[in-house]
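Work through the following exercises with the sequence and the structure open beside you. Try each task before you read its solution.

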Amino acid sequence: MINLHDVRYVRLGTRDLDAAIAFTRDIVGLQLTAREGNAAYFRSDRAAVRGDTRDHTLVYFEGDPADHTLRLELNNPNDLDTVGAMLEQAGRPVHLGTRDECDSRRVRAFIATSDPSGNKLEILARPYNSGTRFFPGRDVGITNFSHVALFSTDTKRDTEFWTRLANARVSDWLGDATFLRIGTAHHSVVLMPSTRPGIQHINHQVADIDDVMRSYYWLKQQGVKIVYGPGRHPISTAIMVYFEGPDGMIYEY
């Protein structure tokens, strides 16, 4: 079984990198930590709050807006060779990252693969950390990058992929959607029924309900499209708001 630690970050293609940078920094409230070549790196975690020192949690790059990758960290980086063998045995594609690819991802080593729906996944060994403080683009109250929802063309089949090949466990269901936990949070990955692969939404936790409501009114004033909310999740009872970002990507507080 592939023993994952947690979701690490996501990588998204965009036709307009400058616009994606401005939105992610000034609207979503992440910190732009670097722009290298055709890619921009963002942090969202307050290390002092969570003891989390991730180098980055989101990357935008110039490319196809439908090109999405979810990156997951291994508990034991020495397991990478074993992970490759397990993926091959399960009939999944395996690509060991080149040195240049590892450098661009800021990781010691990784294996690229996909789930049965075609969602692009990268399994990381020793991703880079940073001890610097988090300086938000705007004060949203973000505490951490929490979870990602993936489109799934068959949620039952993909649930078996995540729970039999990896150490994800089912936390809940909502209709045909499956909520999977990897770390200690209620869910790290959500499988959403669809006819195509890709990332459906990206969640950032904020400190309290006041942060959600302040952002809701501020987003409306900025003309940002509110997709859903504010409201209460029927499963977790958390208060949330969803809004649309670059290239139609959905963000959630």
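**Exercise 1: a residue in a loop**

Task: Find Asp247 and say which loop holds this residue, how far Asp247 is covered, and which residues are in contact with it.

Solution. Asp247 sits in the loop that runs between β15 and β16, the latter spanning 250–252. This model is a predicted one, and every step below is read from that model. The next step is the backbone, where Asp247 shows a positive phi of about 60° although this residue is not a glycine. To see what makes that worth noting, recall that most residues other than glycine have a negative phi.

For the surface, we need the cut-offs: a residue is buried under 20% relative accessible area, exposed over 50%, and partly exposed in between. Asp247 has a relative accessibility of 42%, so this residue counts as partly exposed. The last step is to list the contacts, and once neighbours within four places in sequence are set aside, Asp247 is in contact with Gly13, Thr14, Arg15 and Pro65. Pro65 is 182 residues away from Asp247 in sequence, yet the C-alpha atoms of the two are 6.1 Å apart in space.

**Exercise 2: a second positive phi**

Task: Decide whether Arg106 is buried or exposed, and say where this residue lies.

Solution. Begin with the position, which is the loop between α4 and β7, where β7 covers 107–114. Arg106, which is not a glycine, has a positive phi of about 60°. Its relative accessibility is 12%, and therefore Arg106 counts as buried.

Now turn to Asp103, which belongs to helix α4, residues 99–105. Asp103 has a relative accessibility of 39%, so this residue counts as partly exposed. The C-alpha atom of Asp103 is separated by 9.8 Å from that of Tyr128, and the two residues are 25 residues apart along the chain.

**Exercise 3: an aromatic cluster**

Task: Name the residues that form one aromatic cluster with Phe243, and say how the ring pairs within it are arranged.

Solution. The cluster is formed by Phe23, Phe243, Tyr251 and Tyr253. In the whole protein, the count of aromatic pairs comes to 7. Take the pair of Phe23 and Phe243, whose ring centres are 6.4 Å apart and whose planes meet at 40°, so the pair is tilted. Because Phe23 lies in helix α1 (residues 17–28) and Phe243 in strand β15 (residues 239–244), this pair ties together parts that are 220 residues apart in sequence.

Continue with the pair of Phe243 and Tyr251, where the ring centres are 6.0 Å apart and the planes are at 25°, so this pair is stacked. The final step is the burial of these residues: Phe23 counts as buried at 15% relative accessibility, Phe243 counts as buried at 0%, and Tyr251 is buried with a relative accessible area of 1%.

**Exercise 4: a buried helix residue**

Task: Say which residues are in contact with Thr24, leaving aside its neighbours within four places in sequence.

Solution. Thr24 is part of helix α1. With a relative accessibility of 0%, Thr24 counts as buried. Apart from those sequence neighbours, Thr24 is in contact with Gly29, Leu30, Phe42, Leu58, Tyr60 and Tyr251. Tyr251 also belongs to the aromatic cluster of the previous exercise.

**Exercise 5: a cis peptide bond**

Task: Locate the cis peptide bond between Gly229 and Pro230, and name the strand in which Pro230 is found.

Solution. The bond that leads from Gly229 to Pro230 is cis, with omega near 5°. Pro230 is found in strand β14, residues 226–232. For comparison, most peptide bonds are trans.

**Exercise 6: the whole protein**

Task: Describe the fold as a whole by its elements, its compactness and its contacts.

Solution. First, the protein has 6 helices and 16 strands. The radius of gyration is 17 Å, close to the 18 Å that the globule rule gives for 253 residues, so the protein is as compact as a globular protein of that length. Its C-alpha atoms fill a box of roughly 50 × 40 × 35 Å along the principal axes, and buried residues make up 53% of the 253 residues. Finally, among contacts between residues at least 6 apart in sequence, 64% join residues at least 24 apart.

Note on methods. Residues numbered from 1 in each chain as written. Predicted model: local features only at pLDDT ≥ 70, side-chain atom pairs only at ≥ 80, totals over all residues. Heavy atoms only, no water. Helix = DSSP H or I, 4+ residues; strand = E, 2+ residues; numbered from the N terminus. Rg over C-alpha atoms; globule rule 2.2 N^0.38 Å. Buried < 20%, exposed > 50% of the residue type's maximum accessible area, 1.4 Å probe, protein only. Contact = heavy atoms within 4.5 Å. Phe/Tyr/Trp six-rings, centres within 6.5 Å; stacked < 30°, edge-to-face > 60°.
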